[in-house]
Structure formats: structure tokens, C-alpha cells
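Here is a quick tour for anyone meeting this structure for the first time. Have a look at the sequence and the model, then read on.

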Amino acid sequence: MYQYMALPLSAVKGIGPSLEKRLHGRGIDCIGNLLLHLPLNYIDDRRVSPISLLREGESGRIEGRIISKEARGYGKDRQVWIRLADDHGQIRLNFFHAGFMMGDARLTEGRLISVRGVAERWQGQWQMTHPEWCVAEAFEPGYQPHYGALAGLSGKRIGTMIRQALLMLPATATSPLDHILMTQYRMPSLRQALLQLHQPHAADSDMLRHASSRLKSEEIILYLLLMLDKKRQADCPGILLASQRLSSELLEQLPFPLTDAQQSAWQDISADMTSGRRMHRLLQGDVGAGKTWVAALAMASVAGSGYQAALLAPTSVLASQHAITLRELLMPLGLDVALLTGSTRAAERRKILAALASGKISLVVGTHALLTDDVCFDHLALALVDEQHRFGVRQRWALAEKRKPDHQAVHLLAMTATPIPRTLALALYGDMDLSMMRGMPPGRKPIETRVISADKMRPLADGMQRMLDVDGRIYWIVPRIDEDDDGISVDQRVELLKGYFPAAGVLGLHGRMKASVKDEVLQAFASGACKILVSTTVVEVGVNIPEARLMIVEQAESYGLAQLHQLRGRVGRSSEQGYCMLIAGKQASQSSLGRLQQLVRSHDGLELAEADLAMRGSGDAIGTRQHGDAGFRLINLAGDGELIRQWYEHLPDFAADEAMLRFWRPFADSAD
Ligand code: ADP
Ligand code: MG
């Protein structure tokens with residue numbers, strides 16, 4: 001089967017080099033990928049209707065004899081009218097730019113043709129414009145698949161290509177999973193499932209669901225097997241941390257006791273690191289749940305045992321924030337934390353690298369700059385990866401692989417605020433153990449959230465002034481860096497807000513600024529020299545400024561709910577009430593306003609993530625998937641949770657072949 005699935009598109013009749021290239025652009029580079037473009041729905045095309053019983057505005061199938069054919073106009077623009085009659089009535093078929101039809105022998109007077117199109121009434125007569133047609137003998141009644149457009153090609157065109165591609169699958173083609181799934185689970189074979197979905201004999205919804213589950217099972221089982229394999233690889237002896245001296249000291253010095261959730265996560269982690277096996281754990285907790293303290297405890301315990309720990313963060317803003325927080329927590333214990341980012345000066349960088357290599361520095365925080373080859377450790381024991389979904393699997397491992405050949409494996413602690421239900425997370429991150437932190441540190445009030453329209457600048461400015469009066473700070477999020485037609489850019493908003501609030505030290509922040517400038521801006525915001533920060537979503541991840549109490553998001557409808565929840569998590573990080581204003585763009589639809597209202601009602605990241613997923617629907621457009629979907633092509637995390645769970649609990653024991661792996665997980669080694 002996979003031998004055929006892997007064939008290039010050019011092997012399909014009717015796909016030439018330029019079409020092939022276009023489809024490549026959408027990530028469709030072999031026959032199998034094309035076959036994953038499933039129909040959106042099916043048209044019941046079993047019955048031929050008399051012309052007189054057509055319904056206006058509805059699609060119908062008719063059959064009739066051609067009684068006349070005429071052309072109007074000249075050349076390319078020629079319009080062709082064909083008059084058709086059955087026993088009960090007549091209809092006119094209109095074809096534009098269709099001069100070529102005049103010479104088609106199948107369309108001569110007296111011939112019987114079969115037609116499907118949308119019936120229209122015009123001047124008391126029936127007509128159809130650009131209907132599908134064929135000679136009457138060629139019509140096969142049944143269910144016609146209806147495809148979504150792809151790469152600028154109409155659904156009809158895609159359907160034709162898929163039909164051709166299906167012709168190439170030999171009747172004997174099998175998948176390595178067919179046997180188990182057919183005998184033990186009574187599922188169709190992979191080939192049957194593909195045929196049932198693309199060319200159903202009946203639009204029997206049970207049958208279609210069954211076929212679709214079969215196809216998805218192929219994908220999920222393979223993924224789970226890969227995860228299991230990674231888990232086996234990860235399981236090996238690890239460095240044993242002998243001393244809990246510094247972590248105990250830190251526990252005593254923390255300004256507040258750990259929450260129950262933090263406590264149990266920390267227990268998991270310290271048990272791992274004193275077990276003699278390597279830790280490979282994911283720490284999941286909503287924004288603001290307090291993951292940083294848990295990370296600090298782990299780092300203190302490593303340093304106290306005479307080893308080194310490194311924390312990897314996706315942005316330099318976040319890395320420097322972590323450095324500040326960790327220094328505050330760990331300096332009193334006599335530990336220093338180095339910071340290494342892309343903007344660390346050459347001399348400073350050399351100094352840090354030497355100190356890491358000699359073991360003089362035991363703790364370091366940084367960005368991708370930590371991953372380059374010249375960064376060496378004396379004895380690394382723990383790699384921490386914050387916001388791990390921002391990194392590929394390979395990067396996640398890269399830090400942990402910075403050990404000397406004769407040293408034992410490095411412990412890995414990945415952290416994420418991406419909320420996924422536990423059983424799903426277990427399946428999706430099956431290569432890691434899981435610690436989930438539920439709930440927030442005490443005293444946190446839910447952030448008061450409102451959806452407002454774009455023309456309410458005056459009352460909004462009044463609200464902002466009240467916030468400034470009590471020394472609160474304000475985030476203002478814009479969707480873009482650059483100026484463009486909508487006129488919403490960081491710089492423009494900075495100018496506008498300076499006009500309203502000349503004394504507030506308004507500053508702008510975006511991802512394309514030099515890291516050192518970004519850091520200066522964030523410092524100013526943290527110290528209060530700047531009270532209003534205009535930013536793109538670079539602040540989304542992790543930044544922690546407790547005085548920030550008002551979050552304003554422009555064009556809020558252009559973000560996912562989970563992302564807005566993350567943004568909102570930047571405020572209300574103290575016992576003071578936090579607020580979030582979601583400004584809907586002028587073009588926002590009713591349904592997107594309704595979607596935003598969910599943020600007013602819900603403060604549960606998990607619930608919002610599920611709503612997000614459900615809304616994204618089961619669109620099967622390959623190539624439009626987002627990060628965080630674990631790179632699935634058919635699986636939809638919201639709708640297919642049951643299926644994922646089922647296979648997680650009863651994973652069939654079988655050996656995937658190379659072609660199958662390559663087809664479903666082409667990037668398995670690089671990034672997921
Ligand atoms: P996240 O899980 O999103 O990384 P942080 O670690 O940034 O969250 O913590 C959010 C805020 O909660 C910080 O200001 C931190 O000081 C505070 N915090 C963390 N743990 C506790 C606790 N046990 N009690 C009170 N405040 C806490
Ligand atoms: Mg964090």
C-alpha cells in the first residue's frame with residue numbers, strides 16, 4: 001500500500017509538473033497525501049428528476065434530449081445555449097466562454113444527456129448555468145463526493161485527480177495494520193476505507209464514520225508506537241543527585257508556601273532525580289500556576305549536589321525574565337545564574353562559556369544560543385525546557401545531549417502551559433512522564449474580561465487613566481509589527497497613546513527588535529519608567545510583571561481562545577484585580593464575537609483550549625495545521641480524543657515498515 005501512497009503526483013494521469021508544484025506548495029507531495037484530502041460531504045445523486053419537478057435554487061439531476069444548440073457572441077467569449085427536453089418539460093443550459101462545445105459530437109441534437117446543476121427560474125423558464133453533464137449512458141447513480149478546494153484548484157478538479165489516483169491502488173495493496181484491525185477490530189482494510197470515503201456506494205453515516213476511524217487509526221497507532229519507542233530510548237541510568245540541602249533551604253526561604261500542585265510536582269521531580277534513572281518529564285500547568293518555582297527547586301538541588309543545570313527558553317525576553325526571577329530566588333543561597341542569549345556580548349559570552357566548561361558556573365538560562373556547539377558543560381545533570389511546544393523534539397533533546405561521553409544521561413524537564421486533558425497528554429507526550437499542576441497560587445482573582453468594540457476609545461482611555469492613577473501598568477497588544485493598510489502597528493499605537501498619556505512613558509516591543517533593546521524596554525516596564533507597553537504577542541510566553549493589571553488586545557478576534565487566555569495570563573499576577581479588554585475589529589463577525597464571549601465566562605485554560613479545538617473543526621486541509629497539534633494530518637485533538645485514548649490503552653503490537661513511518665511522520669526526527 002505505502003509503496004503506492006509514496007508515488008509522486010506526476011504518476012497520476014492529468015497531473016503535470018506545474019500542478020505538481022502547486023500541490024507541493026500545500027504539502028501534498030505524493031499520492032497518499034492527495035488521498036488524505038477527504039470529501040467535505042456527499043451529494044445524493046441516485047435519482048433522476050423530471051424537469052418539471054426541479055426545485056428553484058436546489059441542485060438536481062435531470063436527463064433529456066437536446067432539442068437545440070446555439071451560440072452567441074464570438075471567439076473565446078462565445079456563449080452556448082443548449083435546450084433540453086424530457087417528457088414533462090424543458091430547460092436551457094447556459095455555458096459561458098464555451099465556443100468549443102459547438103463542435104462536440106456528444107452534444108448534437110437528438111442526443112440524450114444527463115445533467116446535474118442548480119435549477120434557476122428566469123423569465124418563467126427553467127435554466128442551469130454551467131451544469132455538470134455527460135452522455136446518459138455514462139451516468140452512474142450513487143453518492144458523489146464533494147471536495148473542498150485546494151491550492152487554488154476547485155473541489156471538482158481535485159475530485160477528478162483523486163479518482164485517477166485511486167485507480168492506481170492495486171486491489172492487492174495492504175497496510176501492515178490491516179490484518180490486526182480487520183480480524184480483531186472488524187475494521188475495513190486501509191484500501192477499503194479509502195474507497196468507502198472517496199467513492200461510497202451509500203452515504204451510510206455509520207459506514208463513513210467507520211471508514212474514517214480506520215484511516216485515523218492508521219495515523220494514531222503509528223504515532224503512539226513512535227512515542228513508545230522514544231520512551232524506551234529515554235529510559236536509561238541517570239545521574240543520581242545526592243544532596244537535597246539547597247532545595248530544602250530554598251523551600252524554607254520562599255515567600256509563600258508551595259501550593260499543593262507545586263508540592264506534588266516537586267515530589268515527582270525529586271523522586272526522579274534521586275532514582276538513578278534518567279528523568280524525562282513534562283510539567284504541565286496553566287499560565288501563572290507557578291512552574292518557575294518548581295524549576296528553581298530542581299536547579300537548586302542540582303547545584304547543591306555539585307552538578308550543572310541549564311534552562312532553555314524560546315525568546316530572549318523570557319530568558320532574561322527567568323534569569324531575574326531565578327537570581328532573586330537563588331542568590332540568597334549563594335548561587336549565581338548566568339544568562340546567555342543571542343545578544344550577549346562576545347567578551348561576556350567567552351567568559352560564560354569558559355565558566356560553564358570549567359564548572360565554575362552551575363546554573364545558566366538562555367535561548368537557542370545555549371544549543372550551539374561551543375557551549376560545553378563540565379558536568380550537566382539537568383536540562384529544563386520552558387514552553388516546550390515552541391521547540392521541536394530534536395531541540396528538546398539537544399540540550400540534554402550536552403554531556404561528556406563518560407557521564408551519565410542528563411535529566412530532562414520540559415514545561416508547558418498548553419492545556420490538554422490528562423489522558424490525551426499521556427498519549428500525545430507518551431515519551432515523557434507527566435506532572436500536572438492544577439489551580440493557581442492562593443489569592444489570585446479571576447481576571448475581569450470584557451469584549452468591546454473598536455469605536456469605544458474614549459471610555460477605554462478613561463479606564464486606562466484610572467489604572468494609571470493607582471500605579472497599575474498596561475499591556476496593549478497589536479497584531480502586527482509593520483504598518484499596513486489597517487494602520488495598526490506597534491509604532492503607530494505608541495504614537496497614538498503618547499498623545500493620550502504623555503506622562504506614561506509609552507514604549508513599544510516587538511520580536512524584530514534587537515534583544516538588548518527588548519530587554520531595556522521590559523526593564524523599563526518592570527521598573528515603572530514605562531507604564532504602558534505596546535507589543536506584539538512576544539509577551540505571550542511567560543513574562544511576569546506583577547504590577548501589570550490591564551491587558552488590552554486589539555483585533556482580538558484574530559487570535560485563538562487559548563492564545564488570548566495566555567495573553568490574559570500576563571496580568572492579574574498579584575493579589576490586585578486584573579482586567580482584560582478584548583477589542584473586536586470592525587470586521588469581526590457575530591460568531592467571532594460569540595467566541596470571544598467565552599473568555600468572559602471561562603477562566604479555565606483547558607476548557608478554552610477544547611473550545612478552540614472544537615471550533616477549528618475537522619478541516620482536513622493538510623498544511624494549514626498549527627503548531628501544538630503534534631503534527632497530525634487527520635487526527636483532530638478535540639473530536640478524536642476517544643479514538644486516541646482507545647489505541648493508547650490497547651496499542652496493537654506490530655512492526656511498522658519504513659515506508660509507513662515515512663508517510664505518516666516525515667518529520668519525526670526533526671520537529672513535531
Ligand atoms: P508559570 O507557571 O506561568 O510559569 P510563574 O512561575 O511565572 O507561572 O508564577 C506566576 C506567579 O505566581 C509569580 O509571580 C510567582 O511569584 C507566583 N507564585 C508562584 N508560586 C506561588 C505560591 N506558592 N504562592 C504564591 N505565589 C506564587
Ligand atoms: Mg512560565
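## Helix crossings and a ligand shell

Helix α7 and helix α21 make a right-handed crossing, meaning that the near helix is turned clockwise from the far one by less than a right angle, while anticlockwise would make it left-handed. Helices here are DSSP runs of H or I with at least four residues, numbered from the N terminus. Before going further, note that this is a predicted model, where local features need pLDDT of at least 70, side-chain atom pairs count only at pLDDT 80 or more, and totals for chains, interfaces and linings use all residues. Residues are numbered from 1 along each chain as its sequence is written, chains are lettered from A and ligands numbered from 1 in the order in which they are written, and side-chain values use heavy atoms, with hydrogens and water left out.

Back to the helices: α7 covers residues 205-234 and α21 covers residues 641-649, and they pack at about 50 degrees with axes 10 Å apart. Axes are lines fitted to C-alpha atoms over the stretch in contact, and angles run from 0 to 180 degrees between N-to-C directions. The pair α7 and α21 is therefore oblique (under 35 degrees is roughly parallel, over 145 roughly antiparallel, 65 to 115 roughly perpendicular, and the rest oblique).

Helix α11 (residues 316-330) packs on helix α17 (residues 515-527) at about 55 degrees, with axes 9 Å apart, so α11 is oblique to α17. Their crossing is right-handed too.

What about α9 and α10? Helix α9 (residues 260-273) packs against α10 at about 30 degrees, with axes 10 Å apart, so the two are roughly parallel. Again, α9 passes α10 in a right-handed crossing.

Helix α10 (residues 291-304) also brings us to the ligand, as α10 gives the most to the shell around ligand 1, with three residues. In total, 17 residues surround ligand 1, and the closest are Q262, G288, K291, T292 and R444 (near means a heavy atom within 4 Å). By type, the shell holds seven nonpolar, six polar and four charged residues (Ala, Val, Leu, Ile, Met, Phe, Trp, Tyr, Cys and Pro are nonpolar, Asp, Glu, Lys and Arg charged, and the others, Gly among them, polar).

Some polar contacts (N or O pairs within 3.5 Å) involve an oxygen atom of ligand 1:

| Residue | Partner atom | Distance |
|---|---|---|
| G290 | polar backbone atom | 3.0 Å |
| K291 | side-chain N or O | 2.8 Å |
| T292 | side-chain N or O | 2.6 Å |

The protein covers 87% of the 570 Å² of accessible area that ligand 1 has on its own (Shrake-Rupley method, 1.4 Å probe).

Note on methods:
Polar contact = N/O pair within 3.5 Å; in protein donor to acceptor, adjacent residues only side chain to side chain.
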